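Me: Please take a close look at the second largest pocket of this model. Which residues line the pocket, and which parts of the chains do they come from?

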Amino acid sequence: MRVNPNPVPDMLAALSETQQQQQTAELQIATGKRVNSPSDDPAAAAVLVQNQDQTAEADQFLQSAGSIQGQLQTVDSTLSTVTTLLNRAISLGVEGGNGTLNSDDRAAIATELSGIQTQLLSAANLSYQGNYVFAGTASQTAPYVLDPSSASGVSYVGNLGKNSVTLGTDYKLATNLPGPQMFAASGTDMFQAMHDLITAVQSGTGVDAAMSELSAAYASISSQRVFYGNALNQLNSQQTYLNTQKVQLAQQETNAGGADLAAASTNLAAAQTAQQATLAAVARAEPMSLFDYLPQY
Amino acid sequence: MSNLNATMATALSGLLADQGALETTTNNVANSSTPGYSRECPVLVPGDPVVEGPLTFGTGVVLQQVESVRDGILESRIQQETQQQGKQDALLAALQQTQVNFSSSSGDIGSAISSFFNSINQLSTNPSDLSLRQGVLTAAGNLATAFNQTAANLETQRTNLDLNVTQTVSQINQLTQQIAQLNGQISDLTNVGQNAGTFIDQRTQLIDQLSSLVDVSVIQSDKSITLTTSNGTALVAGEQAFQLAAQPTAASVSDVVANGQDITAQLTGGKLAGLIQARDQEIPGVLANLDSLASGLADAVNQVQTTGYDLNGNLATGVNLFAPPPAGGVGAAASMSVALTDPTKLAVSSDGSPGSNGNAEAMYAINNQAVAGNQTPTDYYSGIVFGIGNSVANATAEDNASTLVLQQLNDQRGSISGVSLNEEAANLVQYQEAYNAAAKVVTTISDMMQTVINMKTT
């Protein structure tokens, strides 16, 4: 069979193909990515879009968790102060219940108890970054105000709203307890107990009843405080989980769209060799033909 | 009984035939790198014999014709494949441009969607914070811009493709004009029994070019050819060319019109078909998907926004975050915009208190809800990316395949019609030797004639 006497188009096509292979390998090595355009691997490109979204989401969850963590820690340490104050109040109450005290002594104790009452009020009005944390969702105004008309001398002006924040796929963390659930759970109001104790110590009667009231409030607050401890624990484990997830996502990203650098280098070398060989062939292609052997005259 | 004069004539016929054959070889060598040239071959036949009594004498050789060597069926295969490749080339180039909008990993719609929902999540940790509220508005603005820009890029691409359609139509018209002219020249030559090979080569070359632009069917008659598109629209009939026209329409793109009839949707091959497919199907398809996503997302966000409470405790009825998308969603991506400018109006609260984040959480949950095509925003977007990637990958594969087929067909054409210098050198030697030998015969006969003339009768 007669062969095509003009090999040039085939050679040019071969050259362009090896050049293309070379460029692909170079791009993979330069970017470290196998999928540089969706058409490089459409399915992997779609996975990468989702992976990117999940990675950004995990980063955001970590950032949100960080913001919440600060708040929870502040609240927890304030509650620790509250229990210390209540302990001191209980000691003072025991002292005030001693029947040998005179009215001056009792007045002095009552004054100290009033001081504690004020500190407790300030603790219950704790604000973190401009938000009153025990106000429910009415967090723009101080939830506890002095109110002579109230039996406890203090009234709650917040609401019972609770917030929770999404910190993971299908995972929400409750971030606050409204004041009444923190300080007046199960019918024992801390402010009422303090108010009653102060009145009892001042008058010298009913101290025992007031003391048992305060003890109950103390116990209730201690048990409610667990809410924040738990929240912090959950937050910690969620952060750990998110960091693990990020590692997995990074791994998945590499699997889906990362270049196999060893393979890319090998491909590059192979393409370069092929390119050089083809170039050498093209250079020699300018053919010797029979004309070169015709006799010269 | 023969005579010397007759023998001389026979020898001369050899000289003439060899000279003609040499000329053919020379022409082949001269055209060895002319694109589209088919090698020519001298057709030598023995002269009609003369019968004298019991003897039959040959009367030498006749150069009957110079024939171009070509395979008509192969030529038409090449034309068909060229149409295919013209289409795939145009389509691939267009799709690759479209794909660029979905290749970058930052600033694209996908990352804008992530950033928007992430800003809401951040706001959820401190619902009354004005800078976080502003952050959500900014992210919403970036999201709208990402949709706007992508849609605008695709529209610009469509406009450019449309311009290209108009230019291609005028290229087609030029080619059909030239082919019609060549048809005339070819039939003139063949009418007087001449070889029109060179003109036929030129015409084949032009039909190849035309094939890369539009789907052409070639109907060969004795002397001339008729060209139609594959749906039967006449392009060239004999010496007459029929013009196509690009007619602007209300839809801001041009229709291809032949003889008053719109044939836009019927073109199946060539660059023109590829351009039209990208302009009328591929890009509008991507735009429609973007519109669904933009309108679905805007509607879902507005739905949640308008049922919550703003920072001042007012129910946000009718206070949309995004400008409501057009009914039916057409043009939603191009026109997406943020309607809200006051961050305090963002409905983050679900109970009317400024510290509530209930509505922000509901808004964030849209991230995992079906907003378009029964899919979450990111899933739907990843589907768009997959779709365009797949289209480009398919077009690339088909383009490569048709390039390969065309290359093989051209090889085959070369093996039949290409000029081989070895062959021509061998022919040259052969014809030269034959010419020399014939010349020698002439000399010999001339000597013999001298002998006869010098004979003396006694």
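Reply: The lining of the second largest pocket is made up of 29 residues. Those nearest the centre of this pocket are Asn6(A), Pro9(A), Gly36(B), Asn410(B) and Arg413(B). The model is a predicted one, and the space in this pocket comes to about 730 Å³.

Next, the helices. At least two lining residues come from each of H1 of chain A and, in chain B, H2, helix H5 (197-213) and H9. H9(B) has the largest share, with eight residues of the lining. The domains of chain B can be read in a similar way: domain 1 (2-69 + 421-457) and domain 2 (76-407) each give at least three residues to the lining of this pocket. Sorted by class, the lining holds 18 polar, seven nonpolar and four charged residues.

The largest pocket serves as a reference. Its space is about 900 Å³, and 25 residues line it. Nearest the centre of the largest pocket lie Gln20(A), Gln21(A), Thr24(A), Thr396(B) and Asn400(B). Helix H1 (8-31) of chain A, along with helix H2 (72-100) and helix H9 (377-417) of chain B, each supply at least two residues of that lining. There, H1(A) gives the most, with 10 residues. The classes in the lining of the largest pocket are 15 polar, six nonpolar and four charged residues.

Conventions
Residues are numbered from 1 along each chain as its sequence is written. Chains are lettered from A and ligands numbered from 1 in the order in which they are written. This is a predicted model: local features need pLDDT of at least 70, side-chain atom pairs count only at pLDDT 80 or more; totals for chains, interfaces and linings use all residues. Side-chain values use heavy atoms; hydrogens and water are left out. On a 1 Å grid over the protein atoms alone, a cavity is a set of points where a 1.4 Å probe fits but cannot get out, and a pocket is an open set with protein on both sides within 12 Å along at least five of seven lines; lining residues have an atom within 4 Å of a point. Grid points are joined across faces, edges and corners, and a volume is the space filled by probe spheres set on the points. Helices (H or I, at least four residues) and strands (E, at least two) are DSSP runs, numbered from the N terminus. Ala, Val, Leu, Ile, Met, Phe, Trp, Tyr, Cys and Pro count as nonpolar, Asp, Glu, Lys and Arg as charged, and the others, Gly among them, as polar. Domain bounds come from an automatic or database domain assignment.
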